[in-house]
Amino acid sequence: MTTGPGLFLSLEGIDGSGKSTQSRLLAERLQHSGREVVLTREPGGSAGAEEIRALLVAGDPGRWSPETEILLFTAARRDHLERKIDPALARGAIVISDRFADSTRVYQGAARADLRKTVDALHDLMIGREPDLTLIIDMDPDAALSRGLARDSGEDRFEDMGQDFQTRLAKGFHALAEEYPDRCRLIDGRGSAEEVAARVWRAVEQHLQ
Ligand code: ADP
Ligand code: TYD
């Protein structure tokens, strides 16, 4: 679905599932291919989007309504796309994004509220881009939450929405993998980071073949 010669990969999953670790390990591995690799993240990834991120990830869980969140995440994504992702893909780079539009589909569209139609409408209007391949790191919500909160990052607004919320998210990501079987691969997130990385790599290799 990428326009231009690049390759667009995204990693998704619940908070603490290991996405950031796996994004970094995948970037290191792909760098050996000799192609330019751009490792980025959402919310954020460009200067403007990082400013919007600060509004979203800290503070009281009820700070924003789900509708306002959809607008803020989409605004951040649009800036990220315009300034970083699209130019990199046009140069032929491999872009690895730690979260992209699937997070909005699951967090705002299914877990926080039943707003999937609104998420999709805004996505079509303002983003209109899907990754070529999406790796969903599948983790038990209890284990992931204890990993995530152990970091004590000060960016725990969504973790603070509680265990039921994390369970709804995990279900939402499973449903998403079924909805987009051609693009999404569910990766078992259990075991060491190296074990998970080997599973991620198999899925990427399969896609490249
Ligand atoms: P996410 O980006 O999904 O929130 P991270 O990659 O930041 O997840 O991982 C959350 C925490 O768990 C970090 O402290 C990280 O070092 C640790 N971690 C990541 N992968 C594993 C793993 N396979 N086993 C144990 N701990 C892990
Ligand atoms: P992130 O930094 O990836 O958090 P973590 O490392 O804990 O997984 O993302 C920050 C939070 O923003 C995370 O709880 C998920 C949430 N989020 C949404 O709710 N909607 C979105 O569209 C995105 C991109 C993230």
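What covers the buried residues of α4? Let me take that one straight away. The cover includes three helices and three strands by name: α3, α5 and α7, together with β1 (7-13), β4 (133-138) and β5 (184-188). One caution before we go on. This is a predicted model.

So, helix α4. It runs over residues 101-111. The helix is mostly covered, with 10 of its 11 residues buried. Here is the buried set: Ala101, Asp102, Ser103, Thr104, Arg105, Val106, Tyr107, Gln108, Gly109 and Ala111.

Next, one of its partners. That is α7, residues 163-179. The two axes come within 9 Å and cross at roughly 125°. Parallel, perpendicular or oblique? That angle makes α4 oblique to α7. The crossing is right-handed. On the α4 side, the contact is made by Asp102, Ser103, Arg105, Val106, Tyr107 and Ala111. On the α7 side, Phe165, Arg168, Leu169, Gly172, Phe173 and Leu176 make it. Sorted by class, the α4 and α7 contact has seven nonpolar, two polar and three charged residues.

Now the cores. The largest nonpolar core has 21 residues. Which residues have the most contacts inside it? They are Ile14, Tyr107, Phe165, Leu169 and Phe173. Four helices each supply at least two residues of this core: α2 (47-57), α3 (66-90), α4 and α7. The top contributor is α7, with six residues.

Take Phe165 on its own. Leaving out residues up to four places away in sequence, Phe165 touches Tyr107, Ala111, Arg112 and Phe158. Tyr107 and Ala111 also sit on the α4 side of the contact with α7.

There is another core, apart from that one. This other core has 18 residues, and Leu9, Ile94, Leu133 and Ile137 are among them.

On to a second helix pair. α3 and α5 pack at about 25°, with axes 11 Å apart. The cut-off for roughly parallel is under 35 degrees. That makes α3 roughly parallel to α5. This crossing is right-handed. From α3, the contact uses Ile70, Leu71, Thr74 and Arg78. From α5, it uses Thr118, Val119, Leu122 and Met126. By class, α3 with α5 gives five nonpolar, two polar and one charged residues.

Two backbone details, for those of you who check torsions. Where is the cis peptide bond? It joins Glu42 and Pro43, with omega about -10°. Pro43 lies in the loop between β2 (37-41) and α2.

The second detail is Arg99. Its phi is near 80°, a positive value in a residue other than glycine. Arg99 is placed in the loop between β3 (94-98) and α4. Buried or exposed? Arg99 has a relative accessible area of 10%, so it counts as buried.

Last, another arginine. Arg202 is in helix α8, residues 193-208. Its relative accessibility is 52%, so Arg202 counts as exposed. How far apart are Arg202 and Ile136? In sequence, 66 residues; in space, 14 Å from C-alpha to C-alpha.

To close, back to α4. Its residues are mostly buried, its axis is oblique to that of α7, and α4 supplies at least two residues of the 21-residue core.

Terms used
Residues are numbered from 1 along each chain as its sequence is written. Chains are lettered from A and ligands numbered from 1 in the order in which they are written. This is a predicted model: local features need pLDDT of at least 70, side-chain atom pairs count only at pLDDT 80 or more; totals for chains, interfaces and linings use all residues. Side-chain values use heavy atoms; hydrogens and water are left out. Axes are lines fitted to C-alpha atoms, for helices over the stretch in contact, and angles run from 0 to 180 degrees between N-to-C directions. Angles under 35 degrees count as roughly parallel, over 145 as roughly antiparallel, 65 to 115 as roughly perpendicular and the rest as oblique. A crossing is left-handed if the near helix is turned anticlockwise from the far one by less than a right angle, and right-handed if clockwise. Contact means heavy atoms within 4.5 Å. Ala, Val, Leu, Ile, Met, Phe, Trp, Tyr, Cys and Pro count as nonpolar, Asp, Glu, Lys and Arg as charged, and the others, Gly among them, as polar. A nonpolar core is a set of buried Ala, Val, Leu, Ile, Met, Phe, Trp, Tyr and Cys residues joined through side-chain atoms within 4.5 Å. Buried means under 20% relative accessible area, exposed over 50%, partly exposed in between (1.4 Å probe, protein chains only).
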